[in-house]
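Let's take a walk through this fold, one feature at a time. Have the viewer open as you read.

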Amino acid sequence: QVQLVESGGGLVQAGGSLRLSCTASGRTFSNYAMAWFRQPPGKVREVLAAITWIGSNTYYTDSVKGRCTISRDNAKNTMYLQMNNLKPEDTAVYYCAVSRRFALTTSLADFASWGPGTQVTVSS
């Protein structure tokens with residue numbers, strides 16, 4: 001129902017910052033929860049942050065609390081992830097996804113649409 005494309009990844013030194021963007025097309029996503037996931041090399045995909053449309057409720061996993069901020073601009077059909085104080089262990093492919101639900105969720109099964117991912121590499 002919706003096409004997603006991530007952008008903003010790249011190579012950054014430890015302690016630096018990046019802002020990832022996820023732009024949607026094909027169908028609006030204004031009523032559905034969205035989330036950012038990442039998959040480090042050799043690891044499984046994990047949720048980083050999620051956000052709802054109603055009330056803009058947010059969730060952050062413990063590993064990124066205080067360093068990342070998720071936001072959503074439905075007028076631009078775009079979701080953002082601001083990442084600060086990046087660490088080498090943040091190196092991963094980052095994905096955005098749209099949920100089948102309106103409420104906050106971190107379950108992989110609840111996300112119907114995924115972007116192709118953007119690579120983030122943090123050097124020490």
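A word on naming before we start: helices (H or I, at least four residues) and strands (E, at least two) are DSSP runs, numbered from the N terminus. This is a predicted model, so local features need pLDDT of at least 70 and side-chain atom pairs count only at pLDDT 80 or more, while totals for chains, interfaces and linings use all residues. Residues are numbered from 1 along each chain as its sequence is written, and side-chain values use heavy atoms, with hydrogens and water left out.

Start at Trp 53, in the loop between strand E5 (46-51) and strand E6 (58-60). Its relative accessible area is 40%, which makes Trp 53 partly exposed, because buried means under 20%, exposed means over 50%, and partly exposed is in between (1.4 Å probe, protein chains only). Together with Ile 54 and Phe 102, Trp 53 makes a nonpolar surface patch of about 340 Å². Patches here are made of residues with over 30% relative accessible area and no salt bridge, with like charges joined within 9 Å and nonpolar side chains (Val, Leu, Ile, Met, Phe, Trp, Tyr) within 5 Å. The areas come from the Shrake-Rupley method with a 1.4 Å probe; for residues, only the protein chains shown count as cover.

Next, have a look at E7 and E8, which pair in the antiparallel sense over six bridges; for strands to pair, DSSP has to find at least two bridges between them. In a regular strand the side chains alternate between the two faces of the sheet. You can see that along E7: Cys 68, Ile 70 and Arg 72 point to one face and are buried, whereas Thr 69, Ser 71 and Asp 73 point to the other and are not. Which residue in E8 is the bridge partner of Thr 69? That would be Gln 82.

The two strands form a hairpin with four residues between them. Asn 77 sits in the turn and has a positive phi of about 55 degrees. Most residues other than glycine have a negative phi. Asn 85 also has a positive phi, near 50 degrees, and is found in the loop between E8 and strand E9 (92-99).

Now over to Gly 9, in the loop between strand E1 (3-7) and strand E2 (10-13). Leaving out residues up to four places away in sequence, Gly 9 touches Leu 20, Thr 118, Gln 119 and Val 120, where a contact means heavy atoms within 4.5 Å. The backbone nitrogen of Gly 9 lies 3.3 Å from a polar atom of the Thr 118 side chain. Thr 118 itself is in strand E11 (residues 118-123) and counts as buried, at 11% relative accessibility.

Finally, the charges. A search of the whole structure finds five salt bridges, a salt bridge being a side-chain nitrogen of Lys or Arg within 4 Å of a carboxyl oxygen of Asp or Glu. Asp 62 and Lys 65 form one of them, with the closest N and O atoms 3.2 Å apart, and both residues are exposed. Buried or exposed: what are the partners Arg 67 and Asp 90? Arg 67 is buried at 9% and Asp 90 is buried at 2%. Their closest N and O atoms are 2.8 Å apart. This pair links distant parts of the chain, with Arg 67 in the loop between E6 and E7 and Asp 90 in the loop between E8 and E9, 23 residues apart. Asp 110 and Arg 101 meet in another salt bridge (3.8 Å, N to O). Salt bridges that share partners also join Arg 38, Glu 46, Arg 67 and Asp 90 into one network.

Notes
A polar contact is a pair of N or O atoms within 3.5 Å; within protein, one must be able to donate a hydrogen and the other to accept it, and residues adjacent in sequence count only if both atoms are side-chain atoms.
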